[in-house]
Amino acid sequence: MPMAITRFSYSTILALLYLSLLHLVTSFPSSNGQIDYNYNYNYYDSSCPRLGMIVKYGVWAAFKNDTRIAASLLRLHFHDCFVNGCDASILLDDTIDFRGEKNALPNRNSARGYEVIESIKADVEKACPSTVSCVDILALAARESVLLSGGPYYPLSLGGLDGLTASEKAANEQLPSPFEPLENITAKFASKGLDIKDVVVLSGAHTIGFAQCFTFKRRLFDFKGTGKPDPTLDSSAVANLQGMCPNKDASNSKLAPLDSASTYRFDNAYYVNLVNRTGLLESDQALMGDSKTAAMVTAYSSDSYLFSADFASSMVKMSNLGMLTGSNGQIRKKCGSVN
């Protein structure tokens, strides 16, 4: 019996070592659908060993001064990856050759955190010149934001390159809108290789952050021309939000928490809100209008561990969308401009 235990333990250790080695080198579809093995989780261990600490401190310093920045950096990462893949194109300023994504409708006067990424990039350049891409810094900063807010850790495949251009038109067309019906949003996710579960799970990022009043105000006063509030929004929530966002243009840019129960804490309260009909955005509450997505919402509302595990998995998928290698990209010296 002791020998059997020894052999079992030894084989188990070998299996775990094998799996851990597989874990270091990950494969996923590139933009042309082929499997690419160039990215790995420890990509910068030798070339920039202090990278993790530099990013961690940069995000922490920003978070200390502005707790909203965690949600902003996570959103910046999402808006980058959702437009032609994860390539840091959202960080590029407009040039004479292209109109970039910063001024696209979903980002204008809304996307935040550019200066945080640029500051971290400057520190990284001092430590490791021309080594770490802006797209990897943005992905790491987004993960650090999730962790700082109490959310789950998830592995990131590193080694992607920065894009050489950006497109305002692509951002306007490809990013989901809070005014769109669920089927449209699901179709946009599907076009990226993300499924209905990813829609529900990644929407859970709205457990932190704020939205401007104009993104949900039509739910409060004249929903779809009825002259009445959205019937899917709880009446007490309507009254509270009407006080925060009066029916005047001057209130359009005012902010309301996406998750009033735990505004700065990454948890599953977002799903509890949806079950209780207090979701802020129309596109969020719409998840309760479909039987399949409603079942997932209900499951996450009662199981925070399930949400954390699934969120980590979906973030891994999203962070790998269309990453660049070779002559398709570069390592920018400054994130706001191509070298």
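Colleague: Which hand does the crossing of α8 and α12 have, and how should I read such a pair of helices?

Modeller: Two packed helices are described by the angle between their axes and the distance between the axes. In this predicted model, the crossing of α8 and α12 is right-handed. Helix α8 covers residues 196-203 and helix α12 covers residues 291-302, and the two pack at an angle of about 40 degrees with their axes 10 Å apart. That angle falls outside the ranges for roughly parallel, antiparallel or perpendicular axes, and α8 and α12 are therefore oblique to each other.

Colleague: Which residues make the contact between α8 and α12?

Modeller: On the side of α8 the contact is made by I196, K197, V200 and V201, while α12 contributes K292, T293, M296, V297 and Y300. Sorted by class, the contact of α8 with α12 holds 6 nonpolar residues, 1 polar residue and 2 charged residues.

Colleague: How many residues of α8 are buried, and what covers them?

Modeller: A residue counts as buried when its relative accessible area is under 20%. In α8 this applies to 7 of its 8 residues, so the helix is mostly covered. The buried ones are I196, D198, V199, V200, V201, L202 and S203. Their cover includes α12, and also α7 (182-190), α10 (269-275), α11 (282-285) and α13 (304-319).

Colleague: At what angle do the axes of α3 and α4 cross?

Modeller: The axes of α3 and α4 cross at roughly 85 degrees and come within 9 Å, and the two helices are therefore roughly perpendicular to each other. Here I69, L73 and L76 in α3 meet Y114, E115, V116 and I117 in α4. The residues of this contact of α3 with α4 divide into 6 nonpolar and 1 charged, with no polar residue among them.

Colleague: Turning to the annotated positions, which residues does UniProt list together with D80 as "binding site"?

Modeller: The UniProt entry, which is unreviewed, lists D80, V83, G85, D87, S89 and E101 under that heading. A list of this kind can be read by setting its spread in sequence beside its spread in space. These residues span 22 residues in sequence, yet no two of their C-alpha atoms are more than 12.9 Å apart, so they gather at one spot.

Colleague: Is D80 buried or exposed, and what does D80 touch?

Modeller: D80 lies in helix α3, which runs over residues 69-81, and D80 is buried, with a relative accessible area of 0%. Not counting residues up to four places away in sequence, D80 touches G85, C86, D87, A88, S89, I90, V135 and L138. From the same UniProt list comes E101, found in the loop between α3 and α4 (114-127). With 1% relative accessibility, E101 counts as buried. Leaving aside neighbours within four places in sequence, E101 is in contact with H79, V83, S89, I90, N107, A166, S167, E168 and A171.

Colleague: Where is T207 found, and how far does its "binding site" list spread?

Modeller: The unreviewed UniProt entry also lists T207, D259 and D267 for "binding site". Although spread over 61 residues of sequence, they cluster in space, the largest C-alpha distance being 9.8 Å. T207 is found in the loop between α8 and β3 (210-212), whereas D259 is found in the loop between β4 (255-257) and α10. T207 counts as buried at 0% relative accessibility, and D259 is buried with a relative accessible area of 0%. Apart from neighbours within four places in sequence, T207 is in contact with D259, S262, T263, R265, F266, D267 and Y270. With residues up to four places away in sequence again not counted, D259 touches H206, T207, D267, A269, Y270 and N273.

Colleague: How far apart in space are S327 and L161, and is S327 buried or exposed?

Modeller: S327 and L161 are 166 residues apart in sequence, and their C-alpha atoms are 9.3 Å apart in space. S327 has its place in the segment after α13 and counts as exposed at 71% relative accessibility. S304, in helix α13, counts as partly exposed at 30% relative accessibility. The C-alpha atoms of S304 and A269 are separated by 8.6 Å, with their positions 35 residues apart along the chain.

Colleague: How many helices and strands does the chain have?

Modeller: The chain has 13 helices and 4 strands, and buried residues make up 51% of its 339 residues. Among contacts with a separation of 6 or more, 72% are accounted for by residues 24 or more positions apart.

Terms used: Residues numbered from 1 in each chain as written. Predicted model: local features only at pLDDT ≥ 70, side-chain atom pairs only at ≥ 80, totals over all residues. Heavy atoms only, no water. Axes fitted to C-alpha atoms, helices over the stretch in contact; angles between N-to-C directions. Parallel < 35°, antiparallel > 145°, perpendicular 65-115°, else oblique. Left-handed = near helix turned anticlockwise from the far one by under 90°. Contact = heavy atoms within 4.5 Å. Nonpolar A, V, L, I, M, F, W, Y, C, P; charged D, E, K, R; others polar. UniProt positions renumbered as here; feature names shortened; annotations may be inferred. Buried < 20%, exposed > 50% of the residue type's maximum accessible area, 1.4 Å probe, protein only.
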